[in-house]
Amino acid sequence: MNVSEALETRLTVRGFLDRPVPADTVRSILETAKRAPSGGNLQPWHVYVVSGDALVDLKAQVQARIGDHPTGEGTEYHIYPPNLSEPYRTRRFRIGEQMFATVGVAREDKFGRLMQFARNFDMFGARTGLFFAIDRQMQEGQWADLGMFMQSIMLLAREHGLDTCPQEAWAIWYKTIGAFLKIPDNLMLFCGMGIGYRDPDHPMNSLRSERAPLEEFTTFVGQ
Ligand SMILES: Cc1cc2nc3c(=O)[nH]c(=O)nc-3n(C[C@H](O)[C@H](O)[C@H](O)COP(=O)(O)O)c2cc1C
């Protein structure tokens, strides 16, 4: 698989098969992903790989709390800017609509939407979860580095026949996860990522998200 194929076939998978990912495969993906670039070669990423009984336990702990606390424990960072402007607001709205449409959940169906959101905390069935954290002293540049590391993992996963689901949703349970994984105080949880085998029959995996045309985000200067 070449890089373009990995990019073209990567999507956010929201339905995984109940099949474990070999630990060696995850290790190999991380070994290669660590070649991701970072400003000043800081390599500011920290990743926790959670599988087996540990992931079952962590999911159970969070799921036990969702009912009473649907918004979790708050977040340590803004997942989205507080007053999202256009065109970002519409894009966010559209992907939500399209996602819920794949499983027949209507806009007015608040409960249905909540139930779908709660599937985040089963990691959509993934049997291995990655949790990404970053040192609190790091600034915007290093958060971008972490993103490049994550994208490297997502593309390498494709090469191994695996799929991924990056999940900021876990950030609303940062206290529970921090305690469970014993994340040191100097690190901040950024997000989780399910990794596993795509369920080809899950309706949510049929969603091919839209992208704005090149002209909307590119400025060519010169020539
Ligand atoms: C950092 C990050 C966090 C995300 N968090 C979630 C999440 O919590 N739950 C979810 O279902 N999708 C999440 N997504 C997936 C995005 O909705 C998805 O990437 C976007 O709609 C584009 O679709 P695609 O990944 O299928 O191309 C996240 C993506 C990124 C990059």
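**Exercise 1. Sort the residues that line the second largest pocket by class.**

Solution. The structure is a predicted model.
Step 1. By class, the lining of the second largest pocket has 5 nonpolar, 4 polar and 4 charged residues.
Step 2. Gly counts as polar in this sorting, while Lys and Arg count as charged.

**Exercise 2. How much space lies in the second largest pocket, and which residues are closest to its centre?**

Solution.
Step 1. The space in this pocket is about 180 Å³.
Step 2. The lining is made of 13 residues, and those closest to the centre are Gly52, Val56, Lys59, Ala126 and Arg127.
Step 3. Helix H3, residues 52-66, supplies the largest share of the lining, with 4 residues.

**Exercise 3. Describe the shell of residues around the ligand.**

Solution.
Step 1. Count a residue as near the ligand if one of its heavy atoms lies within 4 Å.
Step 2. There are 14 residues around the ligand, and Thr12, Arg14, Glu168, Ala169 and Arg211 come nearest.
Step 3. This shell divides into 6 nonpolar, 4 polar and 4 charged residues.

**Exercise 4. Which atoms of Pro166, Glu168 and Arg211 lie 3.2 Å or 2.8 Å from atoms of the ligand?**

Solution.
Step 1. For Pro166, a backbone N or O atom is 3.2 Å from a nitrogen atom of the ligand.
Step 2. For Glu168, a polar backbone atom is 2.8 Å from a ligand nitrogen atom.
Step 3. For Arg211, an N or O atom of the side chain lies 2.8 Å from an oxygen atom of the ligand.
Step 4. On its own, the ligand has 620 Å² of accessible area, and the protein covers 74% of this.

Definitions and conventions: Residues numbered from 1 in each chain as written. Predicted model: local features only at pLDDT ≥ 70, side-chain atom pairs only at ≥ 80, totals over all residues. Heavy atoms only, no water. 1 Å grid on protein atoms, 1.4 Å probe; cavity = no way out; pocket = protein on both sides within 12 Å on 5 of 7 lines; lining within 4 Å. Points joined across faces, edges and corners; volume = space filled by probe spheres on them. Helix = DSSP H or I, 4+ residues; strand = E, 2+ residues; numbered from the N terminus. Near = heavy atom within 4 Å. Polar contact = N/O pair within 3.5 Å; in protein donor to acceptor, adjacent residues only side chain to side chain. Areas by Shrake-Rupley, 256 points an atom, 1.4 Å probe, with all protein chains shown as cover.
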